[in-house]
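Please open the model in your viewer and keep the selection panel at hand. The tour below goes from one selection to the next and says what is found at each stop.

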Amino acid sequence: MAKTSIKPYEPFLIDPSAKVFHYGQAIFEGMKAYKDENDDVWLFRPDQNLDRLNKSAVRMAMPEIPEDIFMSGLHQLLDLERNWVKKGLGNTLYIRPFMIAIGSGVIAAPSTQYRFMIILSPAKSYYSGEVKVLIAEHYSHAANGGIGQQKQQEIIPRNFIRQS
């Protein structure tokens, strides 16, 4: 695996023929960091998020992220950005680890190059008050034999049609 580093958030260049665009090789996770009354920052089960990320990687023919790289990078990043984690009910720092295929070529085969990143964003509770649930009978989030248990590129946009 390539050298790891923490860099400021910024756009990056990517080839228009990158396999992430043409064959959907992209996976992600979502997790949150919390700050308690003692200013300690803590995470809820990051090992299970890594496990699901790696299961998604296997399903998408992508390399798994080694636990030491994931955990040490995550903790270094949180130590660096701990001031973005605010105390108080509903305040969190949203953590989005993800990996995309950056290998180029419009050839139906897995990429040979990938980029793994973690981005952060302050967040509050999604909902306040009553939550309404939509039970869809026409569209399915997860079909038998599908990828519903993985978090990958097509899972979330599939739900946009139900919300519009």
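Which element gives the most to the lining of the largest pocket? Select β5, residues 114-123, in this predicted model: β5 contributes nine residues to that lining, the most of any element.

Keep β5 on display and add the other elements that give two or more residues to the lining of the largest pocket, namely β1 (26-28), α3 and β4 (92-101). The pocket that they help to line has a volume of about 1,400 Å³. To centre the view, pick Ser5, Arg115, Phe116, Met117 and Ile118, which are the closest to the centre of the pocket among its 41 lining residues. If you then colour the lining by residue class, you should find 27 nonpolar residues, eight polar ones and six charged ones.

From the pocket, follow α3 to its packing partner. Select helix α3 (residues 67-80) together with helix α2 (residues 46-59), and look at their axes, which come within 11 Å of each other and cross at roughly 130°. Because of that angle, α2 counts as oblique to α3, and the crossing of the two helices is right-handed.

Next, show the side chains where these helices touch: on the α2 side the contact is made by Pro46, Asp47, Leu50 and Leu53, and on the α3 side by Glu67, Phe70, Met71 and Leu74. Sorted by class, the residues of this contact comprise six nonpolar and two charged ones, with no polar residue among them.

Key:
Residues are numbered from 1 along each chain as its sequence is written. This is a predicted model: local features need pLDDT of at least 70, side-chain atom pairs count only at pLDDT 80 or more; totals for chains, interfaces and linings use all residues. Side-chain values use heavy atoms; hydrogens and water are left out. Axes are lines fitted to C-alpha atoms, for helices over the stretch in contact, and angles run from 0 to 180 degrees between N-to-C directions. Helices (H or I, at least four residues) and strands (E, at least two) are DSSP runs, numbered from the N terminus. Angles under 35 degrees count as roughly parallel, over 145 as roughly antiparallel, 65 to 115 as roughly perpendicular and the rest as oblique. A crossing is left-handed if the near helix is turned anticlockwise from the far one by less than a right angle, and right-handed if clockwise. Contact means heavy atoms within 4.5 Å. Ala, Val, Leu, Ile, Met, Phe, Trp, Tyr, Cys and Pro count as nonpolar, Asp, Glu, Lys and Arg as charged, and the others, Gly among them, as polar. On a 1 Å grid over the protein atoms alone, a cavity is a set of points where a 1.4 Å probe fits but cannot get out, and a pocket is an open set with protein on both sides within 12 Å along at least five of seven lines; lining residues have an atom within 4 Å of a point. Grid points are joined across faces, edges and corners, and a volume is the space filled by probe spheres set on the points.
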